[in-house]
Amino acid sequence: MINYRTKAIIKREVIQQIFSKRFIFATLSLPVFMLIVFGLQFLFMSFEGGGDSLRIFAEEQSTLDLLRNQLNEMENNNPADLQLTYQRSSKDELEVFIEENREAILEGNINGVLFVPATALEDKQVLFYSNNAGNQILLNRIRTLVNNVVINAYIDSRNIDDEIIEFVRMNVSIQSLRITDTGTAEGDASGQQAVAIFFNILLYISLLMVAAPAMAAVNEEKVSRIVEVFLSSVTPSELMAGKIVGSAIAGFTQMFIWLIPVVLVASGSVPLLLAFSDLDIQLGFFMLLYFLLNYLIGVLTFLSIFSAFGAMFDNPQDAQSSMFPVMLLIIVPFFLAFSVVNNPTSILGVAGSLLPFFSILVMPARMVLIDVPLWQFAMAALINLITLYFVVVLCGKIYRFTILMTGKRPSWKEIYKWMRYS
Amino acid sequence: MSELEVRKLNKTFGQLHAVKDVSFKIPEGAIFGLIGRNGAGKTTTIRMMMDIIGPDSGEILVDGKAVENDFRRRISYLPEERGLYKKMKVMEVLNFFMEIKGIKPSAVKNKALDYLDKFQLLDRQDAKIEDLSKGNQQKVQFISAILSDPEFIILDEPFSGLDPVNTDILKEIIIDLKQQGKMIIFSTHLMDFADRMCDQIALIHKGELILNGPLQDIKKQFSGRNISLVYEGDISFLSSSPMVETVNDYGNATGITLYKAEDIQKVLRLLIERQIVIKKFDANEISLQEIFLKVAGGDD
């Protein structure tokens, strides 16, 4: 099948795609884009609630002092640019303050007024005045803190042993331990979850980015009649094979480049960004190998389908509008893989990683989260290869039959007939 | 050099019998015209000859043997609808087409430059196809079809879209290729070109071959009752003459077909009596256009 004619077509496809502005831009911009998205998210989170002016009132001086200490400590550790003022006052004095400063509160010059009455040590009821009662960001920042202050004040007033106090105040720490074939590995799942999501997004983007332009290119060759020139020198099968293999090589190269930063991070060669420095990422050689081979099978499968669709229709609009059912074969597994990230051992996850088409996106997400049994890997690979075989045979038939056909838009019934008879 | 034979080709598309038992032979070194109306089955026949689509029955033979896979190396095709990759440069296109023919581009570089020079495209060798005019794109495509030095060249409407200067250049190159012993197969609607350039023709009508053979023999067959006349005056009276079957009048030149060959002298006498100025009167001349109209015109 791969003779000098096919090789010439593969060579042209690879050169045209790899040196195209679109390819270079996409290859370089995707990792940068993802870093920017994560970075911006981090940036926005760090700016949330900044610049707020908060007035703290307490009936008891000791409570006020505790609040000052805790809030100052919070500001030092995690600055949110809060302007804080503290004042000891009774409920009546507070009401006078609010009356006098009503305008400032309404205009947002004072974002909130917190009042901790003496009775808070009995019923844990504190008051918060604001022009925006739903200012959850500000409330969330101080809720735990005020709770701790009230608890501490209560404990202080009861003369309880320090050791007991320390134990009570200590949070439970759940250490996540992952059972693997080789033993028990200590680790935090969030790093692996990030990789699973990253793999899923990479596969989704790449499959669409490689297969959709291939469909457009095949359709353009048909519409512009370039294909007729080609077919005087090559067979339709050679032409289709050349175009698919060429596009797959270009896609594989792109995927390989995208994986390099992930591998460098996983190997510890490059420290993660500040926001993700706690993530523990473990990526073995087998995982990477399976991911790349799985991608190769996937991209060949979808390139075959998309190319056949490009050959079937007389214009790009008809081809695009008929693509939706095939797009679902990428979109649905993409969303399933996201749900698998939360529970990779679910029945849905196992089934998804063994179903034709679904397996291409679901298995890579699962394999980085749990130790997938070897038989499941073998089964998934076999299913993907069998799927690829049937797709290539059927789509090859459609391509050969339809690439020179012009006229009305074919119906699904006709497409089925072509597959049977061609 | 070789002889190409099409034997009993049949092709149906659903209910449409597009090509019915078409057979013809093309001798080596001939310029062969495959003519017919739109939808007659010419392109389908060519596609089967090129092995782009398979026939339902029949075969293509070269020197009496069925064509094999390497036939694609020996044949080139310039389709009616032109198509080149718009983003590729002229030399890249030519190199690519050589590679799919299994020829190293470096081996034909000088020849490519020579053809580009002949077509006045030498200074555009690094230009992108999309930056060329339609006529220039067509010339590049023609060069890509002949650069691999094929034995058989199929040209589908090669002159359409070319200006008179480029038409002349192309004609010269085609004649040069014929002199090199290449077999050239034209598919065309332009009877004038076919008339002047083809040695042999095959006329396909509604999928069937209705004329086939050396052009001169076919002309002889049709010219017995035919007069080619160049004149001045009014010859409208001929249309109502009981001797005349048809008159294809173009103002000062006409083709006249009679019911009987014996009436040729009577018609000449009639023209003189009516004081028509006769500049040319040829009783053995019939154009391919007239033959075409006789056998394929009229019945839609």
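**Figure 1. Buried residues of helix α3 of chain B in the predicted model.** The buried residues of α3(B) are B:V90, B:V93, B:L94, B:N95, B:F96, B:F97 and B:M98. Seven of the 10 residues in this helix are buried, so α3(B) is largely enclosed by the rest of the structure. The packing partners of these buried residues are α1 of chain A, together with α4 (109-118) and α5 of chain B.

**Figure 2. Packing of α3(B) against α5(B).** Helix α3 covers residues 90-99 of chain B, and helix α5 covers residues 134-146 of chain B. Their axes lie 9 Å apart and form an angle of about 30 degrees. That angle makes α3(B) roughly parallel to α5(B), because angles under 35 degrees count as roughly parallel. The crossing of the two helices is right-handed. On the α3(B) side, the contact is made by B:V90, B:V93, B:L94 and B:F97. These meet B:V140, B:I143 and B:S144 of α5(B). By class, the residues of this contact are six nonpolar and one polar, with no charged residue. B:V90, B:V93, B:L94 and B:F97 also appear among the buried residues of α3(B).

**Figure 3. The side of chain B that touches chain A.** In this contact, 18 residues of chain B face 15 residues of chain A. Two elements of chain B, β6 (75-78) and α3, each supply at least two residues of the side that touches chain A. Strand β6(B) gives the largest share, three residues. The side of chain B that touches chain A has 10 nonpolar, three polar and five charged residues.

**Figure 4. Helix α1 of chain A.** Helix α1(A) runs over residues 4-18 and has 15 residues. From its first C-alpha to its last it reaches 21 Å, close to the 21 Å expected at 1.5 Å a residue. Its buried residues are A:R5, A:T6, A:A8, A:I9, A:I10, A:R12, A:E13 and A:Q17. Helix α1(A) is one of the elements against which the buried residues of α3(B) pack.

**Figure 5. Surroundings of A:S29 in helix α2 of chain A.** A:S29 is found in α2(A), which spans residues 21-47. This serine has 11 other C-beta atoms within 10 Å, so A:S29 is exposed; the cut-off for exposed is 12 or fewer. A:S29 and A:W258 are 229 residues apart along the chain, and their C-alpha atoms are separated by 9.9 Å.

**Figure 6. Chains A and B as the setting for the close-ups.** Chain A has 18 helices and six strands. Of its 422 residues, 34% are buried. Among contacts in chain A between residues at least 6 apart in sequence, 76% join residues at least 24 apart. Chain B has 10 helices and 14 strands. Its C-alpha trace spans about 70 × 45 × 35 Å along its principal axes. Of the 300 residues in chain B, 35% count as buried. For contacts in chain B with a separation of 6 or more, residues 24 or more positions apart account for 70%.

Note on methods
Residues numbered from 1 in each chain as written. Chains lettered and ligands numbered in written order. Predicted model: local features only at pLDDT ≥ 70, side-chain atom pairs only at ≥ 80, totals over all residues. Axes fitted to C-alpha atoms, helices over the stretch in contact; angles between N-to-C directions. Helix = DSSP H or I, 4+ residues; strand = E, 2+ residues; numbered from the N terminus. Parallel < 35°, antiparallel > 145°, perpendicular 65-115°, else oblique. Left-handed = near helix turned anticlockwise from the far one by under 90°. Contact = placed C-beta atoms within 7 Å. Nonpolar A, V, L, I, M, F, W, Y, C, P; charged D, E, K, R; others polar. Buried ≥ 20, exposed ≤ 12 C-beta atoms within 10 Å, placed from the backbone. Expected span 1.5 Å × (residues − 1).
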